Amino acid sequence: MTTRTAVVVAGAGPAGLTLANLLRRAGIGCVLIEEQSRAFVEQRPRAGFIEEWAVRGLQQRGLGEKLIASAPIHEKFEFRFAGRRHAFRYADLTGHRHYVYPQQFLVTDLIAQYVDAGGDAVFEVSDVQLHDLTSDSPAVTFRTADGEHRIDCDFVAGCDGARGVSQGYLPADTTVRARHDYGIGWLALLAEAPPSADGVLFGIHPRGFAAHMARTPTVTRFYLQTAPGETEADWPDERVWRELHARLTVPDGAIVQGELIEKRILDMHNYVIEPMTYGRLHLAGDSAHLVAPIAAKGLNLALHDAFILADAIEAYFAGDPAPLAGYSDACLPLVWQYQEFSLWLSEVFHHSAAETSNPFLARIAEARMRRLLDSPAAAAAFAELYIGRRSAADL
Ligand SMILES: Cc1cc2nc3c(=O)[nH]c(=O)nc-3n(C[C@H](O)[C@H](O)[C@H](O)COP(=O)(O)OP(=O)(O)OC[C@H]3O[C@@H](n4cnc5c(N)ncnc54)[C@H](O)[C@@H]3O)c2cc1C
């Protein structure tokens, strides 16, 4: 196994894989290490909605060809509110769309592009530890079935997600860990059912929020707002479908049922770790900032970080250290824009269910919804935030 490289990338999610591919293409030495098996990460379902600027960013860098060729494009969604359908055509307002491509497909493509082209990747590592991060030569140690390993390097990229070890290496006294808990859960569901509509459905309902999102022609994702402390055991299939029908069905808008193949409570919280850098360690993606999937932003931010970090490391080895020194500052403005939008949207989505506990918040949520539906200016501002960045031109 390699014992010295330029960059050790921890984590084969969208952030780590994009970064590893870009470093390899730039001729920069790189070893990718991943806790899980290749088969596991290639099948792990999560995101599906990728913003157009991020897709163009992948395309400009020679990645994402399969995505572009096969991902359906979404240009509108539908609010189901006050018993009616309200189509929201955000592409008409912004000129930008979403590509719908299950995250595991993107991960599979990026692994193939990296490994098949000779990229160095080690799966099923454990006991990952980072060393000497403030020196000129940090190191990463880990264990595999073959024994213990050490890789000395110039930089460590901590792309190991919200449960990885990298974020734990940022010292408490110089790091701000900003966190927000929503105080609710989402039941994330995957059903073997064709999409019930040709776009996303957001059900704003006094019983709680619900959503429908196409994934593939035969699999659909649904979400249900749940009360704090509820677990999967509180949600037998019969209750799931009863609530999905109650919260999403409107005249001419039924929900297609299917076998539930995933049922997982998500604890809804966000965090941002600032700065995203400590010595020779740079965090990217969920390891640096988690955004609950309310506005479908996390994967997009992971790609944003990876693009910026790859360019900065390339500049460093070309003799310009400034972009790497400014990496965290370059990433965080978009991170905070997306966090703010997720929080705002959460209040619209979830506060209708506060009808009995807090009628004031429920009325505020309703007022926001009506403004969104009645005011072209409010709709345009919302659409811009919903589709995210306007352009990949400067990425
Ligand atoms: C249900 C759900 C739906 C979502 N929908 C959307 C959406 O539609 N759009 C969107 O933009 N975002 C969405 N997201 C968010 C998106 O999935 C994440 O933001 C994205 O996975 C972040 O990518 P990442 O590479 O930073 O981290 P991850 O994908 O978490 O990858 C981190 C990798 O590191 C590995 N790892 C962990 N610890 C170690 C270690 N010690 N050493 C080595 N490797 C390690 C993990 O196994 C993992 O493979 C959704 C999330 C969920 C849960």
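Two strands count as paired when DSSP finds at least two bridges between them. On that basis, 8 strands of this predicted model form an open sheet with mixed pairing. The model also holds a ligand with 35 residues around it, a second largest pocket of about 180 Å³, and 2 cavities of 30 Å³ or more.

**The sheet**

- The strand order across the open sheet is 6-5-14-15-16-13-17-20.
- Strand 6 (84-88) and strand 20 are the edge strands; each has a single partner strand, so one side of each is left without a neighbour in the sheet.
- Strand 13, which covers residues 176-192, runs antiparallel to strand 17 and is joined to strand 17 by 14 bridges.
- Within the strands, L187 stands opposite I265 of strand 17.
- Strand 17 also pairs with strand 20 (residues 289-290), again in the antiparallel sense, over 2 bridges.
- In strand 20, H289 stands opposite V272.

**The ligand and its shell**

- Of the 35 residues that surround the ligand, the closest are E34, R44, R46, Q103 and D286.
- By class, the shell around the ligand holds 16 nonpolar, 10 polar and 9 charged residues.
- Three backbone positions lie at short listed distances from ligand atoms:
  - A polar backbone atom of E35 is 3.3 Å from a nitrogen atom of the ligand.
  - A backbone N or O atom of A296 is 3.2 Å from an oxygen atom of the ligand.
  - A polar backbone atom of G298 is 3.3 Å from an oxygen atom of the ligand.
- On its own the ligand has 1000 Å² of accessible area, and the protein covers 94% of this.
- Two or more residues of the shell come from each of helix 1 (14-25), strand 16 (220-226), strand 17 (259-274) and helix 8 (298-317).
- Helix 8 contributes the most to the shell around the ligand, with 4 residues.
- Strand 17 therefore appears twice in this account: as a source of shell residues and as the partner of strand 13.

**The second largest pocket**

- The space in the second largest pocket is about 180 Å³.
- Its lining consists of 13 residues, and those nearest the centre of the pocket are P72, V100, R215, T216 and P217.
- The lining of the second largest pocket divides into 9 nonpolar, 3 polar and 1 charged.

**Cavities**

- Rolling a probe the size of a water molecule over the atoms shows where empty space is left.
- The largest cavity has a volume of about 60 Å³.
- The residues lining the largest cavity are F49, H98, V200, F202, M213, I294, A295, A296 and Y386.
- In the lining of the largest cavity, 8 residues are nonpolar, 1 is polar and none is charged.
- A296 of this lining also has the backbone atom that lies 3.2 Å from an oxygen atom of the ligand.
- The second largest cavity holds about 30 Å³ of space.
- P14, V41, R44, R46, Q103 and V107 line the second largest cavity.
- The lining of the second largest cavity has 3 nonpolar, 1 polar and 2 charged residues.
- R44, R46 and Q103 belong to this lining and are also among the residues closest to the ligand.

Key:
Residues are numbered from 1 along each chain as its sequence is written. This is a predicted model: local features need pLDDT of at least 70, side-chain atom pairs count only at pLDDT 80 or more; totals for chains, interfaces and linings use all residues. Side-chain values use heavy atoms; hydrogens and water are left out. A residue is near a molecule or strand if one of its heavy atoms lies within 4 Å of it. A polar contact is a pair of N or O atoms within 3.5 Å; within protein, one must be able to donate a hydrogen and the other to accept it, and residues adjacent in sequence count only if both atoms are side-chain atoms. Accessible areas come from the Shrake-Rupley method with a 1.4 Å probe; for residues, only the protein chains shown count as cover. Ala, Val, Leu, Ile, Met, Phe, Trp, Tyr, Cys and Pro count as nonpolar, Asp, Glu, Lys and Arg as charged, and the others, Gly among them, as polar. On a 1 Å grid over the protein atoms alone, a cavity is a set of points where a 1.4 Å probe fits but cannot get out, and a pocket is an open set with protein on both sides within 12 Å along at least five of seven lines; lining residues have an atom within 4 Å of a point. Grid points are joined across faces, edges and corners, and a volume is the space filled by probe spheres set on the points.
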